[in-house]
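Please walk through the structure shown here, beginning with a pocket and its lining, and going on to the surface, the charged pairs and a pair of strands.

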Amino acid sequence: LTFETGQVIKYEQWIKSTKETLAGTATDGFEKLVEQLSALLHHACIKRIQNHNYDLDSKRPKTTRDTSVSQIDFAESYKYSEADSTQGYHWVNNQATVFTGYEWATNGCKSMVVISDCNEHTKHSVGFFLKTLILPKILEHQPTLKTLVIYSDGAASHLKSKYTLSHTMSLQEFFGINIHWCFFASYHRKGVVDGIGGDCKESSR
């Protein structure tokens, strides 16, 4: 595309969570694009490095017997309904939390799903699910485990925060293993846990 220097153009830009249509000269639009390229390239670099480390770690259990790698995430809450319900029940919105996990280990892989009637996707929910359900299943699957590498997205509301570090220290002391928690770049890396959550919801219909 070619534009004249003073030509007025319209372009779309995301401002927080809203896509807005802006207008300005071609020169102004080009300068804004150049300004944002620096942040984009930095973000892409981080994403590629993290994905590379994830690919290496997911292969590590094949050669290291005391190390396991897992990925965890919240699936979108599942809306369910009662069979043979009355007409008024149509307006009742019951939802269940679906928390998914997947483990790569020397003796094979393991899928895990937690379904809860607690709809709070908080740091407390993550800590509870890991301590009472996910980690006991991982240790049951691999009793000789000494080091666990956990991968998750970077949602600050329930995963990437100071509370996650506190959970990690508490879990290490409680289970007697080393835990390394790694985060993907924001808005990136769909993984096997997303497929597990989708399959779980589809099979329950």
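In this predicted model, helix α1 supplies the largest share of the lining of the second largest pocket, namely six residues. The space in the second largest pocket comes to about 280 Å³, and of the 12 residues that line it, those closest to its centre are Tyr-11, Glu-12, Gly-29, Phe-30 and Leu-33. Two elements, β1 (8-15) and α1, each give two or more residues to this lining.

Phe-30, which belongs to helix α1 (residues 26-59), links the pocket to a feature of the surface. Together with Leu-33, Val-34, Leu-37 and Leu-40, Phe-30 makes a nonpolar surface patch of about 480 Å². Its relative accessibility is 56%, and because the threshold for exposure is over 50%, Phe-30 counts as exposed. Leu-33 likewise appears both in the patch and among the residues closest to the centre of the pocket.

Glu-12, another of the residues closest to the centre of the second largest pocket, leads on to the charged pairs. Side chains of opposite charge can pair when their charged atoms come close, and a search of the whole structure finds two salt bridges. In one of them Glu-12 is joined to Lys-19, with the closest N and O atoms 3.7 Å apart. Glu-12, at 54% relative accessibility, counts as exposed, whereas Lys-19, at 46%, counts as partly exposed.

The side chains of Lys-137 and Glu-140 also meet in a salt bridge, at 4.0 Å from N to O. Both residues lie in helix α2 (residues 123-141), where they are three residues apart, or about one turn of the helix. Here Lys-137 is partly exposed, with a relative accessible area of 40%, while Glu-140 is exposed, with a relative accessible area of 59%.

How many of the 12 residues of strand β4 are buried? In β4 (residues 94-105) the number is 10, so this strand is largely enclosed by the rest of the structure; buried in this sense means a relative accessible area under 20%. Strand β4 pairs with strand β5 (residues 108-116) in the antiparallel sense, over nine bridges, and a hairpin of two residues joins β4 to β5. Within this pairing, Gly-101 stands opposite Met-112 in β5.

How values were computed
Residues numbered from 1 in each chain as written. Predicted model: local features only at pLDDT ≥ 70, side-chain atom pairs only at ≥ 80, totals over all residues. Heavy atoms only, no water. Patch = residues over 30% accessible without salt bridge, like charges linked within 9 Å, V, L, I, M, F, W, Y side chains within 5 Å. Areas by Shrake-Rupley, 256 points an atom, 1.4 Å probe, with all protein chains shown as cover. Helix = DSSP H or I, 4+ residues; strand = E, 2+ residues; numbered from the N terminus. Buried < 20%, exposed > 50% of the residue type's maximum accessible area, 1.4 Å probe, protein only. Pairing = 2+ DSSP bridges. 1 Å grid on protein atoms, 1.4 Å probe; cavity = no way out; pocket = protein on both sides within 12 Å on 5 of 7 lines; lining within 4 Å. Points joined across faces, edges and corners; volume = space filled by probe spheres on them.
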